[in-house]
Amino acid sequence: MNREEIIKQENKVYSRPRLLDDNYMHYCPGCSHGVVHKLVAEVIDELGLEDKAIGIAPVGCAVFAYNYIDVDWIEAAHGRAPALATAASRLNPDKVVFTYQGDGDLAAIGSAETIHSCCRGENIVIILINNGIYGMTGGQMSPCTILGAKTATSPYGRRADLNGFPLHVADVVASLEGTCYVTRQSVHTVAAVRKAKNALKKAFRNALDKKGTSFVEFVSTCSSGWKMSPEKSNKWMEENMFANYPMGDIKDTTANESKS
């Protein structure tokens, strides 16, 4: 390495994650998926799990996750990612298995698979991208749509008397004995991205150490579904979503272990 290359290396503040493929992402401008993809790729690389990680791709906006993160992937039917992850983990106990799902996939048709995988304490990581809407299929209301939010199927806003209350999945699975780590994060600011990466890294370490199910929820934006600009989407998320889905760790049975 010559002097010029050394200087460039020393001054480098950022480089593309090694496991993030050089493919053009199909996500809309301002979508949170791209940032979370980057974090997943970085965490897997930094933990040395490139040859151990198995991702389960769902149906929905995240269906093409296998196009972007260069690890082994399995495609699941709509909502069935945790069930498939259970099989992959049990058949390959030396691997680290994770699902990557949206709220329409995980909290609606996949709610049973999610709850029972967590209840059994399967040694997997479940990643939830919660933007409170069905993004890919036209912006319909999802189980996680907050009260008052307008969608294609709740054009005047979600009503509790008509549509019921939003489902707080992370709080539900935190009450189950099989989950060792449940956290809610976001990626709307640099500081939030740093916290989110630490949470993901803890979750993958838990799977590596076979501590049970880790559940990482990302409260996210959907600019196209919400019919807002990326900037307004972030602001609306902060002012409305965060009040319903507060940030931070909800459950961590490994906290004392890490301090000792």
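Two strands pair if DSSP finds at least two bridges between them. The exercises below use a predicted model.

**Exercise 1. Strand pairing**

Find which strands pair with strand 4, and which residues stand opposite each other.

Solution.
- Start with strand 3, residues 96–102. It is joined to strand 4 by 6 bridges, and the two run parallel.
- Pick out a facing residue: Phe 98 stands opposite Val 125 in strand 4.
- Turn to strand 6. Here too the count is 6 bridges to strand 4, and the strands run parallel.
- A facing pair here is Asn 130 and Val 219, the latter in strand 6.

**Exercise 2. Burial of strand 4**

Decide how many of the residues of strand 4 are buried, and which residues lie on each side.

Solution.
- Strand 4 spans residues 124–130.
- Apply the cut-off: buried means under 20% relative accessible area.
- The count is 7 of 7 buried, so strand 4 is largely enclosed by the rest of the structure.
- Now split by side. One side holds Ile 124, Ile 126, Leu 128 and Asn 130. The other holds Val 125, Ile 127 and Ile 129.
- Both faces are covered.

**Exercise 3. Helix packing**

Classify the packing of helix 2 against helix 8, then list the residues that make the contact.

Solution.
- Helix 2 covers residues 33–46 and helix 8 covers residues 190–208.
- Their axes lie 10 Å apart, at an angle of about 45°.
- Angles under 35 degrees count as roughly parallel, and 65 to 115 as roughly perpendicular. The two helices are therefore oblique to each other.
- The crossing is right-handed.
- Helix 2 contributes Val 35, Leu 39, Val 40, Glu 42, Val 43, Ile 44 and Glu 46. Helix 8 contributes Val 193, Ala 196, Lys 197, Leu 200, Lys 201 and Phe 204.
- Sort these residues: 9 are nonpolar, 4 are charged and none is polar.

**Exercise 4. Loop residues**

Place Ser 32, Lys 210 and Lys 227 in their loops. Are Ser 32 and Lys 227 buried or exposed?

Solution.
- Ser 32 sits in the loop between helix 1 (3–11) and helix 2. Its relative accessibility is 7%, so Ser 32 counts as buried.
- Beyond its neighbours within four places in sequence, Ser 32 contacts Val 187, Ser 220 and Thr 221.
- Lys 210 belongs to the loop between helix 8 and strand 6 (213–219). Its phi is near 55°, a positive value in a residue other than glycine.
- Lys 227 is in the loop between helix 9 (223–226) and helix 10 (230–244). Its phi is near 60°, also positive.
- Relative accessibility for Lys 227 is 70%, so Lys 227 counts as exposed.

Note on methods:
Residues numbered from 1 in each chain as written. Predicted model: local features only at pLDDT ≥ 70, side-chain atom pairs only at ≥ 80, totals over all residues. Heavy atoms only, no water. Axes fitted to C-alpha atoms, helices over the stretch in contact; angles between N-to-C directions. Helix = DSSP H or I, 4+ residues; strand = E, 2+ residues; numbered from the N terminus. Parallel < 35°, antiparallel > 145°, perpendicular 65-115°, else oblique. Left-handed = near helix turned anticlockwise from the far one by under 90°. Contact = heavy atoms within 4.5 Å. Nonpolar A, V, L, I, M, F, W, Y, C, P; charged D, E, K, R; others polar. Buried < 20%, exposed > 50% of the residue type's maximum accessible area, 1.4 Å probe, protein only.
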